[in-house]
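Colleague: I would like a close look at one part of this model, with its surroundings explained along the way. Could you take me through it slowly, with each term spelled out?

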Amino acid sequence: MGEIIFVSGGISSGKSDFAERLCDNKKEKTLYIATSVPFDSEMKEKKRKHLEKRASKKWDTLERYKELYKVVKEIDKKYDIVLLDCLTMMVSNLIFHEDHDFDAKDIKESNKKAKMVKEEFEKLIEEIKKTNTSFVIVTNEIGLGGVSENRLTRFFSQLCGEINQLFAAISNEAYLVVSGIAIKIK
């Protein structure tokens with residue numbers, strides 16, 4: 001198994017910049033996996049800025065969030081390092097994939113959705129473990145606040161926390177980025 005570096009932090013904390021610097025330091029063939037779906041003008045502008053910022057790096061980019069585990073074997077043959085940005089967006093996209101009315105779900109349906117999302121990440125972890133490729137995995141640390149009154153927010157926070165724990169457990173190194181400062185926690 002290649003090295004796995006886990007990078008967590010709040011929104012706009014500098015975690016993606018830190019993760020990119022980690023990849024820059026490796027000086028190897030790099031793949032950037034973007035898991036966001038630019039569904040509105042704000043997200044499209046954010047995507048444009050990210051692509052512009054990375055243009056000089058000569059990294060390849062893959063935009064995908066579903067069944068990512070299916071392409072890991074091919075990635076292993078072509079790349080030395082993969083920057084996966086980010087788990088949180090991937091969770092969000094999987095929750096709403098083909099189903100945007102979360103509030104209409106009962107607890108049984110919500111549990112079924114959570115199981116599907118967890119299985120997606122468990123398959124991804126199993127495939128990553130089989131590779132010689134190094135992975136830098138970015139995520140949001142969203143569980144530092146209180147418990148939300150909103151059911152969807154509670155569901156999302158709980159699920160992200162569980163997914164983050166899975167990846168942190170298999171990582172060789174883990175960092176928490178706060179206000180642009182990375183703190184090594186593992």
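Modeller: Let us go straight to strand 1, residues 4-9 (strands, E, of at least two residues, and helices, H or I, of at least four, are DSSP runs numbered from the N terminus). Six of the six residues of this strand are buried, so strand 1 is largely enclosed by the rest of the structure. Here buried means under 20% relative accessible area, exposed means over 50%, and partly exposed lies in between, with a 1.4 Å probe and protein chains only. The cover reaches both faces of strand 1: on one side Ile4, Phe6 and Ser8 are buried, and on the other Ile5, Val7 and Gly9 are buried too.

A word on what you are looking at. This is a predicted model, where local features need pLDDT of at least 70 and side-chain atom pairs count only at pLDDT 80 or more, while totals for chains, interfaces and linings use all residues. Residues are numbered from 1 along each chain as its sequence is written, and side-chain values use heavy atoms, with hydrogens and water left out.

Now for the partners of the strand. Strand 1 runs parallel to strand 5 (residues 134-140), and six bridges join them; two strands pair if DSSP finds at least two bridges between them. One of the links is between isoleucine 4 and its bridge partner in strand 5, phenylalanine 135. Strand 1 also pairs with strand 6 (residues 173-178), again in the parallel sense, over five bridges. There, valine 7 has tyrosine 175 as its bridge partner.

Next, pick out serine 8, which sits in strand 1. Its relative accessibility is 3%, so serine 8 counts as buried. Setting aside neighbours within four places in sequence, serine 8 is in contact (heavy atoms within 4.5 Å) with Lys15, Thr139, Asn140, Glu141, Tyr175, Leu176 and Val177.

Finally, step back to the whole chain. The protein chain has six helices and seven strands, and from the N terminus on they follow the order β-α-β-α-β-α-β-α-α-β-α-β-β. The radius of gyration, taken over C-alpha atoms, is 16 Å, close to the 16 Å of the globule rule (2.2 Å times the number of residues to the power 0.38) for 186 residues, so the protein chain is as compact as a globular protein of that length. Of these 186 residues, 42% count as buried. Among contacts between residues at least 6 apart in sequence, 79% join residues at least 24 apart.
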